[in-house]
Amino acid sequence: MLQFVSGFIVGLLTVAVLLLRKRIAGTQRDKSNHLAQLEELSKLTGGLAHEIKNPLSTVKINLNLVREELEDSVRAESGKITADRDGTGLKRAIRKLAVVQKETDRVEQILDSFLRYVDRTELQLASIDINELISDMIDFYSPQAHSHSVTIHQGLHNEPLVCKIDADMLKQVILNLFINAQQAMSSGGDLMIRTDRQEKEALIQISDTGTGITPDNLSHIFDAYYSSRPQGSGLGLPTAKKIVEAHKGSISVNSEPGKGTSFTIRLPIQA
């Protein structure tokens with residue numbers, strides 16, 4: 001089972017890589033339609049990811065069923081253990097299936113992140129006060145921050161900062177930055193969130209007292225599939241950057257190793 005699942009996933013990803021290489025090569029040969037082909041390539045990769053995701057879901061369901069059957073077998077055999085049949089083999093099989101399931105979960109998370117990154121869904125814009133949105137996100141995240149010994153400090157601008165935004169997408173960006181800050185403070189620390197206004201822009205600043213980012217890594221944090229964490233998707237910050245820029249805004253970062261990191265989002269204020 002383990003070899004079948006591993007081979008199945010590797011085979012699908014190999015096909016994906018070959019198709020992408022072929023498509024990219026065609027794009028490079030035809031310079032006159034470069035941008036149009038890149039957009040088509042984006043749609044192709046999105047569709048391909050969906051095609052991989054569907055059979056992967058089927059594999060996950062079947063792994064769950066097999067695992068349940070093996071667990072039932074262990075319980076049934078527990079009352080009649082002999083030297084030859086002590087359930088050790090079944091227990092090992094369950095542990096292996098748990099590993100396989102964990103890895104398929106990981107592949108699914110990567111695909112979900114990829115689909116969010118290539119998604120070209122139009123923004124559902126509405127006039128939103130940035131202060132209210134940030135306040136709601138702080139309330140939502142506070143229990144998780146408390147459970148990780150993270151103390152939140154907030155300083156919101158004393159006047160409304162109304163921007164035309166897609167609230168759900170911007171909340172996704174803010175939550176991602178909160179989680180990144182928490183992960184950078186494994187032993188707890190301070191999470192500072194403030195809003196301000198500079199001329200015609202609303203500022204959102206999210207800072208932490210975590211490990212910080214080295215200068216070499218700092219220049220790559222918005223690159224797709226770049227991650228300093230073993231379990232990171234490498235698409236969280238690139239997706240955040242894409243969403244902010246879709247709002248005609250910008251996102252920047254400052255960091256000092258051993259002292260912390262600060263992200264600043266700038267969004268145009270509604271006229």
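This passage walks through the sheet, the nonpolar cores, the aromatic pair and the salt bridges of a predicted model.

The sheet is a good place to start. Five strands make up an open sheet, lined up in the order 2-4-5-7-6, and the pairing is mixed. Strand 2 (150-155) and strand 6 sit at the edges, each pairing on one side only. From one strand to the next, the twist averages 15°. At the strand 2 end, strands 2 and 4 run parallel and are joined by six bridges. Within this stretch, Gly155 stands opposite Arg194 of strand 4, and Arg194 comes up again below among the salt bridges.

Two helices can be placed against these strands. Helix 4 lies across strand 2, strand 4, strand 5 and strand 7, and its direction is at about 165° to that of strand 2. Helix 7 also packs on the sheet, where it touches strand 6 and strand 7, with its direction at about 25° to that of strand 7. Along helix 7, the buried residues are Leu237, Pro238, Thr239, Ala240, Ile243 and Val244. Just past the end of helix 7, Lys248 takes up a positive phi of about 60°.

Strands 1 and 3 form a pairing of their own to look at. Strand 1 (residues 126-129) pairs with strand 3 in the antiparallel sense, over four bridges. Here Ile128 stands opposite Cys163 of strand 3. In a regular strand, side chains alternate between the two faces of the sheet. Strand 3 has a covered face made of Cys163 and Ile165, while Val162 and Lys164 are on its uncovered face.

Next come the cores. The largest nonpolar core counts 37 residues, and the members that touch the most others are Ile130, Ile174, Phe178, Leu191, Ile265 and Leu267. Quite a list of elements gives two or more residues to this core: helix 4 (130-147), strand 3 (162-165), helix 5 (167-184), strand 4 (189-198), strand 5, helix 7, strand 6 (250-256) and strand 7. Another core, of seven residues, lies apart from it, with Leu63, Val74, Ile94 and Leu97 among its members.

Ile265 gives a feel for the larger core from the inside. Leaving aside residues up to four places away in sequence, Ile265 touches Val173, Ile174, Leu177, Ala202, Leu203, Ile204, Val244, Ser250 and Ile251. One of these contacts, Val244, is among the buried residues of helix 7. Another, Ile174, is itself one of the members of the largest core with the most contacts to other members.

Phe178, also on that list, takes part in an aromatic pair. A search of the whole structure turns up one such pair. Its partners are Tyr141 and Phe178, with ring centres 5.3 Å apart and planes at 45°, so the pair counts as tilted. The two rings link distant parts of the chain, Tyr141 being in helix 4 and Phe178 in helix 5, 37 residues apart. Both sit out of reach of the surface probe or nearly so: Tyr141 is buried at a relative accessible area of 1%, and Phe178 is buried at 0%.

That leaves the charged pairs. Side chains of opposite charge can pair when their charged atoms come close. The count of salt bridges comes to four, and three of them are described here, beginning with the one between Arg266 and Glu201. The closest N and O atoms of Arg266 and Glu201 are 3.3 Å apart. Arg266 is in strand 7 (residues 260-268) and Glu201 in strand 5 (residues 201-208), so this salt bridge ties together parts 65 residues apart in sequence. Arg266 is partly exposed at 26% relative accessibility, and Glu201 is partly exposed too, at 31%.

Lys241 and Glu245 make another salt bridge, with 2.7 Å between the closest N and O atoms. These two residues are four apart in helix 7 (residues 236-246), which means about one helical turn separates them. Lys241 is partly exposed at 27% relative accessibility, as is Glu245 at 41%.

Finally, Asp196 bridges to Arg194, where the closest N and O atoms are 3.4 Å apart. Asp196 has a relative accessible area of 22%, so this residue is partly exposed; Arg194 is partly exposed as well, at 35%.

Technical notes:
Residues are numbered from 1 along each chain as its sequence is written. This is a predicted model: local features need pLDDT of at least 70, side-chain atom pairs count only at pLDDT 80 or more; totals for chains, interfaces and linings use all residues. Side-chain values use heavy atoms; hydrogens and water are left out. A salt bridge is a side-chain nitrogen of Lys or Arg within 4 Å of a carboxyl oxygen of Asp or Glu. Buried means under 20% relative accessible area, exposed over 50%, partly exposed in between (1.4 Å probe, protein chains only). A nonpolar core is a set of buried Ala, Val, Leu, Ile, Met, Phe, Trp, Tyr and Cys residues joined through side-chain atoms within 4.5 Å. Contact means heavy atoms within 4.5 Å. Two strands pair if DSSP finds at least two bridges between them. Axes are lines fitted to C-alpha atoms, for helices over the stretch in contact, and angles run from 0 to 180 degrees between N-to-C directions. Rings of Phe, Tyr and Trp (its six-membered ring) pair if their centres lie within 6.5 Å; planes under 30 degrees apart count as stacked, over 60 as edge-to-face and the rest as tilted.
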